[in-house]
Amino acid sequence: MNKALGKAFLEYKLLLVMGGIVILMFFFDFTFFNPINLINIISHVSINGILAMGMTLLMISRSFDMSIGSIMVLSGTITVMLVRVIGIPGAILVGVLSGILMGWLNGILVAKFKINSFIATLGTMVIFQGMAFSLTNMKPISSRNPNFQIFATYELFEGVPIVILYFLIAIFIVWFISRFTRLGKNAYDIGGNMDACRMMGINVDYYSIVFFIISGVFASFGGVLLSSKIDAASAVFGENVGLQIIAGIVIGGVSLAGGVGKVMGVVQGIILLGLLENVTMYLGLFGYFQLLFRALILLGVVIFDIVYVNVNSKMLEKTNFRKMKEIG
Amino acid sequence: MGTLVEMKGIYKLFGGLCAINNVDLTIGKGEVIGLVGDNAAGKSTLMKVLSGVYPPTEGDIFVEGQQKIFKSPHDARNVGVVMLFQDLALVQDLDVTDNIFLGKELPKRIFGQDMRFLLDRRTMDERSEKFLRELEINVDSIKEKVKNLSGGQRQSVSIARTIFFNARLVILDEPTSAISVKETQKVLDLILQLKKKGVAVIIVSHRMEDIFNVADRVVVLRRGKKVEDIEKCKTTPELIIKRIIGLNDGAGCNQ
Amino acid sequence: MNKFYARFRLFYLNNSIIFIFIALSVMSGILSDKFFSVRNWLNILNNFSVTGIVSCGVALVLIAGGIDLSFGSILACCSVFAAFLEPRSLFLAILLPVLLGVLLGLFNGFIVAKIGANPLITTLGTQWLYFALLMIVTSGNLVQGNSDTPFHFIGHGKIFNIPFPIYFFLGIVLFAWFLSRKTLYGKYLFAHGSNKNALFCSGIDSSHIYMMTFAIMGLLVGIGGVVLSSRLIGVRPTEGGRYLMNVLTAVILGGVSLNGGIGSLVNVMIAVVVLGVIDNSMVLLGVPYKDQQIIRGGIFILSIIYNNYLVNQSEIFRRKSVSQES
Ligand SMILES: Nc1ncnc2c1ncn2[C@@H]1O[C@H](COP(=O)(O)OP(=O)(O)O)[C@@H](O)[C@H]1O
Ligand SMILES: [Mg+2]
């Protein structure tokens, strides 16, 4: 009984935090609750959410990708520049596909050249952003084609932009992969014990590259969406995005040690961060309070998990010992 | 031969899993005990409890009749109980001298004053060189990093360490599992040298011939319980193997 | 002769950054005749002195098996604090920011070493925490100091015609090298990064060492903050962000292992100078500013690949020599 409660608490602690925030807002500012604002929150986190979905499998398999912010801006830049040359659909396609190439490069560096994923993607982060600098001449660029914006801002219903649908699709794809496919199972296995997987004949390098490509494609899709949403691209849009997404995923319950994590947890983590952003804005607080809250949540979650695991295993040891003695 | 260490009614649980289930173990002074058992029988766990790595869930440890509670390996070491883990005992990126003196570094003397935070590398090098020569342990250079030594050399160095620090009970967890035949012989020689100096040894191993080479007594664990504790001369490798896998040829020692 | 060759080869395989440095310098020297002037070199060292000071601290943390992403924020906090104190008291403007650095580093160290949280995530959190607090306290505004005080000398003065920050840089490298190679702390630092279980089993509680390493990093970053503040006269809170990439690059190029236990402070210093040489040569060669970052990133990745290759080679080489003898 007690155990079930503890487990449920662990599972839904983020929802509890969100609930707490929402209740606080109830007292502060009731206009917060108008549907437009709530949709706003979701549509605002959609692009970050798509990036996070892309990196979730990668992080479960115990690597990570610092370069997604740069992949995002480079794809966005390519798309915006190509709109005038080859038209909107072609540009979007090339933009999204460019993510495959970048993800593949990351994967090769990590899987084939055996560079630590942190270092490798730190390097490509600099390179991809540098390419965007070169292409844009360090200035924001725009396609000046009003139709380009439709791709991200088309409204499904009154006030519900299509990016939300993209986000839902991304969630579904990654959730499906993680639950029902060999690819997903391998992500957990490789993250849990890479050497054992190697010995069992799983092609770890191949899968690792695939996870990087997934991360790259989702990031470039996010980049295309971002540039379409505001019809602009700039090389500095992506700074810090990688770390932000990693934080969101960790808050969502994926361990840096690999092997554990749930897609729905990550979705919660990302929405929680979006909610915090929205609330700080709504309360008219100075923008950096959002960063403060984000930091506190991240540290809080990380420390909470460690303390919880420690206390819990000690308690388990005691209660099980007592039971064992009683049975004899 | 008096009793050195006594473990009584030891339990150790990891979460719900009972790794050690009510084990008693007595170790005499200068005695060599072979501890055997299948994989996951709990050998390492029992030894870690004895050396202070894990606190027991329940049970008492007595050293020379006095009850001791080991909160950390530091406490165990203080009463002369030292465990050598396979490959864990040495720091791979430090050189041989640094490893031999790990935890007992000699401070530099400046103006007749011990400077505790400065290392007297030269004296330590000289002493460890001399010491290894006495034990006939060959390393190319005591300045070599441990990761560049062979498995047997590493094992020898880590056993030498315990002699160096006057241990009274040395626990060796699978010391011969990953080294060549020639090197195994060296390690077994060192164990006998320890015994000659009056140091008690517990050797955990899968290899019957090694156990029967050096041990005075053989203890068998199965699924966390002690199922055999017998003088070497009263048993044979075949009988022990039967105990390990749980075949009881009529003797009926199942609990 | 053979033995000499073996020694040299091992040295080369483990200290590739020195040879990268020489090769790059020769190349730049050929391409631009201004490169080998004393003035140019003092310039390089001077410009990269803060990077160098901070890199030493971060290198120690990596050797201990950790990592720190928050040093940029700590640097910003310390330099802003120094700029704030400087019109009030020269003494305090030097002392308190350094203390602040130690405290912030210690906070990281406590969470990582005592509570046991992952260092990457923890210091990502504190990076944001420190920066957010700094922005909230300063409202993001420039903090103005005076320019004609003795404090100014730290960043702009010269002794024997050599800019003062260079002395700081070299002094800190010497200090960190001494700490890591000659002291008990240094031995445990490497041991903790390499195999903290061995330390634990030897009865040494090395979590103190680990925590102290973060504090020492804070100390060095604090000193870097004072130097930075004095160089800039007025400090923007966003100043620290620029250092993140450069410092991590220097430390990793210098051959410090992300897995801990391996690293040389002297090589880190050389790596810092290499970064300086790269920047300097790009300016001398007239590479357009917008293209410089690709080149930096490319050199970074290529040298990591090359370094990995050398480390593998050196391991093969060593194993061969061990098996030959036995
Ligand atoms: N730190 C630990 N946490 C949880 N379970 C453990 C831990 N250490 C050992 N175990 C479990 O305890 C049992 C006994 O393990 P161990 O003592 O290592 O066996 P042996 O050394 O005899 O092969 C195994 O089932 C193992 O999975
Ligand atoms: Mg074992």
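Which residue places a polar side-chain atom 2.7 Å from an oxygen atom of ligand 1? In this predicted model, that residue is B:Ser44. Let's start with its surroundings and then move on to the contact between two chains.

B:Ser44 has company around ligand 1: the residues there also include B:Phe14, B:Leu17, B:Asp38, B:Lys43 and B:Tyr54. The backbone joins in as well. A backbone N or O atom of B:Ala40 lies 2.8 Å from an oxygen atom of the ligand, and a polar backbone atom of B:Gly42 is 3.0 Å from a ligand oxygen. On its own, ligand 1 would expose 560 Å², of which the protein buries 62%. In chain B, β2 (17-28) and α1 (43-50) each give at least two residues to this shell, with α1(B) giving the most, three residues. By character, the shell holds six nonpolar, four polar and two charged residues.

Now turn to where chain C meets chain B. Here 25 residues of chain C and 28 residues of chain B take part. Together the two chains bury about 2300 Å², 57% of it on carbon and sulfur atoms. C:Leu184, C:Lys187 and C:Cys201 account for 25% of the area that chain C buries against chain B, more than any other three residues.

C:Lys187 deserves a second look, as it forms a salt bridge with B:Asp98, with the closest N and O atoms 4.0 Å apart. The count between these chains is one salt bridge, and six residue pairs are in polar contact across the interface. On the side of chain C that touches chain B, α10(C) supplies the largest share, 12 residues. That side divides into 12 nonpolar, eight polar and five charged residues.

Methods. Residues numbered from 1 in each chain as written. Chains lettered and ligands numbered in written order. Predicted model: local features only at pLDDT ≥ 70, side-chain atom pairs only at ≥ 80, totals over all residues. Heavy atoms only, no water. Contact = heavy atoms within 4.5 Å. Buried area = accessible area lost by both parts, 1.4 Å probe. Salt bridge = Lys/Arg side-chain N within 4 Å of Asp/Glu carboxyl O. Polar contact = N/O pair within 3.5 Å; in protein donor to acceptor, adjacent residues only side chain to side chain. Helix = DSSP H or I, 4+ residues; strand = E, 2+ residues; numbered from the N terminus. Nonpolar A, V, L, I, M, F, W, Y, C, P; charged D, E, K, R; others polar. Near = heavy atom within 4 Å. Areas by Shrake-Rupley, 256 points an atom, 1.4 Å probe, with all protein chains shown as cover.
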